[in-house]
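Biologist: Could you take me slowly through one part of this model? I am in my first year, so please explain each term as it comes up.

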Amino acid sequence: MVTPFDFASLHQAWLDCRRGKGNALARWAFESALERNLLELSTALQDQSYQPAPSVCFVSNQPKRREIFAAAFRDRVVHHLLIRQIAPYWERRFIHDSYACRVGKGTLAAVERTQQFIREVSSNGSRPAFYLHLDIRSFFVSIDKRILLDMVLTALRKQGLPWAAELAWLAECIVMLDPSVDAMQRGRGLQAVPAHKSLFYTGNRTGLPIGNYTSQFFANVYLDQLDQWVKHTLKIPRYLRYVDDLLLLDRDPARLLEAEQQIAEFLRRRLQLELNHRSRSLGRVASGIDAFGYIVHCHHRYLRRRTVRRFRAVLAVNAKQVVPQAHAGRVLHLRPGQAERLAAVCASYAGLMGHANCQRLQTAIKSRHPWLGLLMQRSRRGHLIRRFSAPGPHASLAAQWWGLRRLWPRARLLLQVGTHYEAYRLDALWLQHRFGLAKGPDRAGFRHVAGFACALRALLRRIVAAADRPVLVFREVNGQQGAVRARELSLMFNPTSGVMGPAGAETR
């Protein structure tokens, strides 16, 4: 008989777990002996000898200070295995307007639903309407594990699965785990986390670790009773929830205030939770609703001010390395790995701006930081997306060069090869004609090659100052001796104030 812990089920859970973790060392370590690890994990689960490994604990300071527990990759595979087995029952039970950690949901869907509610309750902005925004105090740390486990076990009994006992054992193993035991602490700032927000002070009676996939799912399970009660007992149709953020809309503010008192009583009596009264917000929908990362209005939405401030701060830190050069250009010297990290951060903020009405903000940022045009490009839909990707160790140097040329079709490319910087094809002809560099020996199938020693910094500065188009310099990354080295962006220069479009054309 097929069991939930057989090799095929674990293999599918591993495929789900590895998605989006392309460069994670933990993933590569697990996959170095994939079949053996999956077989050992299957055996441990079937004979119920499985024990989770110690977690790694660190602090995340954005958007606020939080204590994060990262489970081992092996345990994350088990988390996906459990959720894959029990999620279908709960997906049929969850209300439509629960938007966290669900397929087809998310913050953007919550924002769009909020706009729909605003249009309905205000008759497209023609009638006064009000909103009430609540959140739960120290939600993940305050979840009562016994109440949660009873909810999960009751659901497994109702499903009538032939392996309900095995899944119940695994659910109890994960829910009742104390992640603070033998946790490996990484980084600084753990002592600055308040006691009421730390699992190190709960005594394992309450609290789920932020950072685990199961914690996000079980948060929906824990608050499902509240969702059902608000929808069917309080009969508030315009209600939605994202994790512990609750949003209610109505034309009568008195009804919202009454609902707040009833929700607070329900949470305290049934779920042992309390509302965070300091973050409570009651106001008119015409003034905009600050929720789910945006300021939401009837027909438009803006980015939060603190989000804009964080993005400007990230750009300002990197702009400190920008050195003014001739004809109002900019040179940006990059530390190892900085270009890829900066491009990823900019892409995430550009994704937020792409779903908001902030064209003037984008224009202001691009005019203040013209070098962003070398890391970002416009998609066919007009949004800014990530352009940069570090060239890895391909089969040949020519493959690396052609890959970079496709990303930056109009830039001057200089690649470090040993102790020299080299340019190829039209870039080499430009260097020979403009600076009198001698033609180098044919390399990688290119007839035109020009190069100079990396130590000639003055010549590199002259090349950058004389460039009529962007100049990108790629340093070698340490690798196997004699092999084709991977390369990363170390310097970029943009002589224009425009942004390079999808086809590489400069647009003012």
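Modeller: Happily! A residue is called buried under 20% relative accessible area, exposed over 50% and partly exposed in between, with a 1.4 Å probe and protein chains only. This is a predicted model, so local features need pLDDT of at least 70 and side-chain atom pairs 80 or more, while totals for chains, interfaces and linings use all residues. Numbering runs from 1 along each chain as its sequence is written, and side-chain values use heavy atoms, leaving out hydrogens and water.

Let's warm up with Arg36, which counts as exposed because its relative accessibility is 52%. You can find Arg36 in helix H3, residues 34-46; helices (H or I, at least four residues) and strands (E, at least two) are DSSP runs, numbered from the N terminus. Between the C-alpha atoms of Arg36 and Gln432 there are 57 Å, and along the chain the two are 396 residues apart.

Now for the close look, at strand S16. What makes S16, residues 420-424, largely enclosed by the rest of the structure? Four of its five residues are buried, and that is why. S16 has pairing partners too (two strands pair if DSSP finds at least two bridges between them). With strand S15, residues 412-417, S16 pairs in the antiparallel sense over three bridges. One residue match to look for here is Gln416 with its bridge partner Tyr421 in S16. S15 and S16 form a hairpin with two residues between the strands, and Gly418 takes a positive phi near 70° there. S16 also pairs with strand S17, residues 449-453, again in the antiparallel sense, and this pairing runs over five bridges. Look for Ala423, whose bridge partner in S17 is Ala450.

For contrast, turn to an open sheet of three strands in the order S2-S1-S4, where the pairing is mixed. S2 and strand S4 (184-185) are at the edges with a single partner strand each, so one side of each has no neighbour in the sheet. S1 and S4 run in the parallel sense and share two bridges. Within this sheet, Cys57 stands opposite Gln185 in S4. The loop between strand S1 (56-60) and strand S2 (66-70) holds Lys64. Lys64 counts as partly exposed because its relative accessible area is 44%.

To come back to our main part: S16 pairs with S15 and with S17, and four of its five residues are buried.
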